[in-house]
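Ready to poke around a protein model? Below are some exercises, each with a solution worked out step by step.

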Amino acid sequence: MNFARRIEKLPPYLFAEISRKIAEKRSQGVDVISLAIGDPDLPTPEHLIESLREASLDVANHRYPETVGLLELREAIARWYERRFGVSLDPQREVLPLIGSKEGIGHIALCFVDPGDVALVPDPGYPVYAVGTMFAGGEAYYLPLREENGFLPDLEAVPPDVLRKAKALWLNYPNNPTGAVADLAFFERAAAFAREHGLAVLHDGPYSEVAFDGYRPPSFLEAEGAREVGIEFHSLSKSYNMTGWRVAMAVGNAEIIDALMRVKSNLDSGIPQAIQRMAIAALDGPQECIEEHNLVYQRRRDRLVSALRGLGLRVSPPKASLYVWARVPDGTSSVQYATRLLDEAGVVVTPGIGYGPSGEGYVRLSLTIPDEQLEEGVRRLEALRL
Ligand SMILES: *Cc1c(COP(=O)(O)O)cnc(C)c1O
């Protein structure tokens with residue numbers, strides 16, 4: 001087959017190799033415990049399933065939806081942003097529902113990146129920022145997230161020749177994979193930096209509701225100057241255990257929202273309307289489920305952090321996100337360490353290198369595994385002599 005170059009340029013998928021090893025272990029009869037996947041194990045709350053069931057019976061929801069989404073959904077998103085962050089949004093111009101935020105994150109590159117352009121991308125980071133940039137013909141410039149800087153990028157360190165070609169700055173807090181958080185002062189510095197250099201800020205914030213110990217992560221849009229330069233992606237996936245239903249949103253700068261809407265209207269026909277109804281029920285309905293889920297994750301976090309410290313790893317308990325990011329011993333690579341945990345304990349973790357070059361030296365463990373399995377994983381880690 002004569003494929004386009006962009007297909008050959010796709011990075012080798014590290015996780016395919018891990019899946020192969022897991023399958024091999026399982027076929028040998030090993031009971032593998034996977035801490036590798038960031039997908040809530042708890043079910044979607046019952047009242048949301050009920051709203052979907054009802055909406056599925058309404059024939060108005062059997063036809064093509066519109067790309068812009070139901071006005072009622074855009075209004076519910078605006079109400080939620082107002083209640084949660086004190087940010088007011090115009091549902092007609094500053095809100096765009098997405099078929100999961102991954103969809104919008106992948107497509108937004110088409111709004112900013114021409115061949116030869118650059119997007120500034122966090123390293124380690126969610127792979128879609130860089131791949132979307134490459135699909136649009138541009139190049140990702142990696143911003144290393146270093147532990148000594150609290151896993152925030154050093155914006156002043158970006159060379160001037162890179163900045164001249166840069167069109168967009170990607171940020172993601174609470175962060176996947178490091179679990180780091182950012183405050184409003186950082187977001188304000190990023191907005192000012194973007195204005196100075198003519199960049200759009202694209203903030204990816206699906207973990208704003210997954211937080212512990214009473215911490216409440218801010219929205220990028222609360223920062224002064226944010227709406228002039230950027231948008232925020234948010235998702236119902238992690239907040240309401242709705243990864244399977246594919247519903248999310250982009251909010252903020254009206255010009256950017258309009259550009260993304262124009263790209264999308266040429267590619268997709270929107271979110272199935274029954275699922276839009278379900279999203280309205282989630283945003284407008286009772287929010288207790290969020291705190292309940294967070295208490296479960298917090299307990300799992302504490303169990304995991306103490307087991308990892310017992311192994312002599314350096315790790316701080318994350319204030320938010322679904323991940324524990326642990327430093328492996330010096331002289332061991334992240335792939336070597338992950339392989340050892342799999343071979344000696346049957347426990348799967350993801351090597352940090354899979355999230356970018358600066359992820360080397362770390363492994364990521366996910367909190368989205370049922371309690372009994374987590375306990376078994378912790379027991380095996382505690383029994384290890386590494
Ligand atoms: C899970 C995740 C997403 C994708 O969420 P969907 O809305 O389900 O597509 C986006 N960004 C990051 C950093 C994530 O971890």
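## Exercise 1: A helix with two sides

In helix H8, the buried residues are Phe-186, Phe-187, Ala-190, Ala-191, Phe-193 and Ala-194. Keep in mind that this is a predicted model.

**Task.** Look down the axis of H8 and work out where its buried residues fall.

**Solution.**
- Step 1: Get a feel for the helix. H8 covers residues 184-197, and its 14 residues reach 20 Å from first C-alpha to last, close to the 20 Å expected at 1.5 Å a residue.
- Step 2: Take the buried residues, which include Phe-186 and Ala-190. Seen down the axis of H8, the buried residues fall within an arc of 165°, so they line one face of the helix.
- Step 3: Now check the other side of H8. There, Arg-189, Arg-195 and Glu-196 are exposed.

## Exercise 2: The strands around E5

**Task.** Find out which strands are joined to E5 by bridges, and whether they run parallel or antiparallel to it.

**Solution.**
- Step 1: Start with strand E3, residues 118-123. Three bridges join E3 to E5, and the two run parallel. Leu-120 sits opposite Leu-169 of E5.
- Step 2: Move on to strand E6, residues 200-204. Here four bridges do the joining, and E5 and E6 also run parallel. One spot to look at is Trp-170, which stands opposite Leu-202 in E6.
- Step 3: Bring the helix back in. E5, H8 and E6 together make a right-handed β-α-β unit.
- Step 4: Ask how enclosed E5 is. Five of the six residues in E5 (residues 166-171) are buried, so the strand is largely enclosed by the rest of the structure.
- Step 5: Take a quick look back at E3, which also holds Pro-122. With a relative accessible area of 5%, Pro-122 falls under the 20% cut-off, so it counts as buried. Its C-alpha is 4.8 Å from that of Leu-143, although the two residues are 21 apart along the chain.

## Exercise 3: On to E7

**Task.** Work out how many residues of strand E7 are buried, and in which sense E7 pairs with E8.

**Solution.**
- Step 1: Count through residues 230-235. Six of the six residues of E7 are buried, so this strand is largely enclosed by the rest of the structure.
- Step 2: Sort them by direction. Gly-230, Glu-232 and His-234 point one way, Ile-231, Phe-233 and Ser-235 point the other way, and all are buried.
- Step 3: Check the link to E6. Four bridges join E6 to E7, and they run parallel; Asp-204 has Phe-233 in E7 as its bridge partner.
- Step 4: Check the link to E8, residues 248-252. E7 and E8 pair in the antiparallel sense, over five bridges. Ser-235 has Ala-248 in E8 as its bridge partner.

## Exercise 4: Rings in pairs

**Task.** Classify the ring pair Trp-80 and Phe-85, then the pair Trp-325 and Tyr-362.

**Solution.**
- Step 1: Know what to look for. A pair of aromatic rings is described by the distance of the centres and the angle of the planes. The structure holds 13 aromatic pairs.
- Step 2: Try Trp-80 and Phe-85. Their ring centres are 5.6 Å apart and their planes stand at 90°, so this pair is edge-to-face. Trp-80, at 4% relative accessibility, counts as buried, and so does Phe-85, at 9%.
- Step 3: Now Trp-325 and Tyr-362. With centres 5.0 Å apart and planes at 10°, the pair is stacked.
- Step 4: Place that second pair on the chain. It links distant parts: Trp-325 is in strand E9 and Tyr-362 in strand E12, 37 residues apart. Both Trp-325 and Tyr-362 are buried.
- Step 5: See what else Tyr-362 has around it. Arg-327 lies over the face of Tyr-362, at 4.9 Å from the ring centre.

## Exercise 5: A sheet of three strands

**Task.** In the open sheet made by E9, E11 and E12, which strands stand at the edges?

**Solution.**
- Step 1: Write down the order. The three strands run E9-E12-E11, with antiparallel pairing.
- Step 2: Read off the edges. E9 and E11 each have a single partner strand, so one side of each is left without a neighbour in the sheet.
- Step 3: Look at one pairing up close. Five bridges join E9 to E12, and Tyr-323 stands opposite Ser-366 in E12.

Technical notes: Residues are numbered from 1 along each chain as its sequence is written. This is a predicted model: local features need pLDDT of at least 70, side-chain atom pairs count only at pLDDT 80 or more; totals for chains, interfaces and linings use all residues. Side-chain values use heavy atoms; hydrogens and water are left out. Buried means under 20% relative accessible area, exposed over 50%, partly exposed in between (1.4 Å probe, protein chains only). Two strands pair if DSSP finds at least two bridges between them. A crossover is right-handed if, with the strands pointing away from the viewer, the path from the first strand over the helix to the second runs clockwise. Rings of Phe, Tyr and Trp (its six-membered ring) pair if their centres lie within 6.5 Å; planes under 30 degrees apart count as stacked, over 60 as edge-to-face and the rest as tilted. A charge sits over a ring if NZ of Lys or CZ of Arg is within 6 Å of the ring centre and within 35 degrees of the ring normal. The expected span of a helix is 1.5 Å times one less than its number of residues. The arc is that of the directions from the helix axis to the C-beta atoms.
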